[in-house]
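This report concerns charged and aromatic side-chain contacts in a protein model. Please consult the sequence and structure shown here while reading.

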Amino acid sequence: MDDFIVRAMLGGIGVALIAGPLGCFLVWRRMAFFGHALSHSALLGVAVGFVLGINLIAGILVFCLLVAVLLILLERQRTLASDTLLAILAHGALALGIISVARLERLRIDLMGYLFGDILAVSIQDLILIYALVAITAAVLAWIWRPLLSATVLEDVAAVEGVPVTRVRLIFVLLIAAAIAVGMKVVGILLVVSLLIVPAAAARRFSRTPEQMALAATLIGATSVVAGLLASLRWDLPAGPAIVVVAVLVFTVITAWPRRRLRPTPMQPQARGDLQESRDSH
């Protein structure tokens with residue numbers, strides 16, 4: 001294979017390593033729309049990065065974190081429903097980001113590359129950054145795995161038991177921002193959340209534990225990256241959308257596959273265990 005294809009595959013697999021477990025928590029916590037709001041705001045981070053002359057990934061991370069904190073604060077208001085508020089902020093941030101990038105007259109920016117990804121342009125420096133974030137994300141996620149899982153199942157009970165729910169959620173949102181920042185290079189701002197949600201949703205059907213689901217989502221994501229890249233090379237398709245289409249096809253096949261008996265969702269056994277521990281402690 002050509003070097004740029006190998007780099008593209010390694011970069012996509014690196015993103016899948018991050019997206020798999022984080023996407024599971026997005027599915028469990030029903031935060032898909034929250035992820036869309038964050039990803040759409042990433043384009044504003046690109047514009048800020050260009051204006052300030054800083055690394056674009058760093059600009060995206062900082063801006064996504066600021067937007068995430070704003071979203072968390074605004075969710076406490078009771079005037080609008082959360083999904084309505086997220087929709088307004090997501091599309092407003094995307095539109096403002098496009099206008100901001102378009103106003104950077106002294107720079108020629110490939111807007112389509114940011115919106116739909118440019119995985120074939122992944123460089124050695126990008127790979128170093130992606131896998132550095134993979135290592136950091138894996139370490140942080142391993143550290144907060146049990147508290148985050150407890151807060152996902154029963155947030156009120158977790159808070160009573162001493163879990164720092166707010167701090168854990170902020171850390172989780174920062175990890176999502178990191179995944180969006182590196183995933184934008186692979187599938188673009190408009191599709192990056194698909195790489196988080198679709199493999200996790202596909203893995204949920206046949207997984208019995210949270211750990212199994214996280215591993216399966218990672219494998220499905222990595223497989224989708226490799227198959228999507230090969231399909232884009234074979235039929236001259238856009239690489240980012242091809243990856244997402246493969247992931248959706250995998251989800252469709254797994255969902256349509258007959259199963260002999262109904263299995264519990266990954267969170268149900270954990271929820272029962274937490275409830276039992278809570279009762280025992282009282």
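The following text treats the salt bridges and then the aromatic pairs of this predicted model.

**Salt bridges**

Side chains of opposite charge can pair when their charged atoms come close. The structure contains 2 salt bridges, listed below with the separation of the closest N and O atoms.

| Acidic residue | Basic residue | Closest N and O atoms |
|---|---|---|
| E155 | R29 | 3.9 Å |
| E211 | R146 | 3.7 Å |

E155 and R29 form a salt bridge that links distant parts of the chain, 126 residues apart: E155 belongs to helix α7 (residues 155-160), while R29 sits in the loop between α1 (3-28) and α2 (32-52). R29 is buried, at 17% relative accessible area, whereas E155 is partly exposed, at 37%.

E211 pairs with R146 in a salt bridge. Because E211 lies in helix α10 (residues 210-235) and R146 in helix α6 (residues 124-153), this pair ties together parts that are 65 residues apart in sequence. E211 is partly exposed, at 38% relative accessibility, and R146 is partly exposed as well, at 44%.

**Aromatic pairs**

The whole structure holds 3 aromatic pairs. One of them joins F25 and W28: the ring centres are 5.0 Å apart and the planes stand at 80 degrees, so the pair is edge-to-face. Both residues lie in helix α1, 3 residues apart, about one turn of the helix, and both are buried.

F25 also pairs with F172; their ring centres are 5.9 Å apart and their planes lie at 65 degrees, so this pair is edge-to-face. The contact links distant parts of the chain, with F25 in helix α1 and F172 in helix α8 (residues 165-187), 147 residues apart. Both F25 and F172 are buried. Ring pairs join F25, W28, W145 and F172 into a cluster.

Notes:
Residues numbered from 1 in each chain as written. Predicted model: local features only at pLDDT ≥ 70, side-chain atom pairs only at ≥ 80, totals over all residues. Heavy atoms only, no water. Salt bridge = Lys/Arg side-chain N within 4 Å of Asp/Glu carboxyl O. Helix = DSSP H or I, 4+ residues; strand = E, 2+ residues; numbered from the N terminus. Buried < 20%, exposed > 50% of the residue type's maximum accessible area, 1.4 Å probe, protein only. Phe/Tyr/Trp six-rings, centres within 6.5 Å; stacked < 30°, edge-to-face > 60°.
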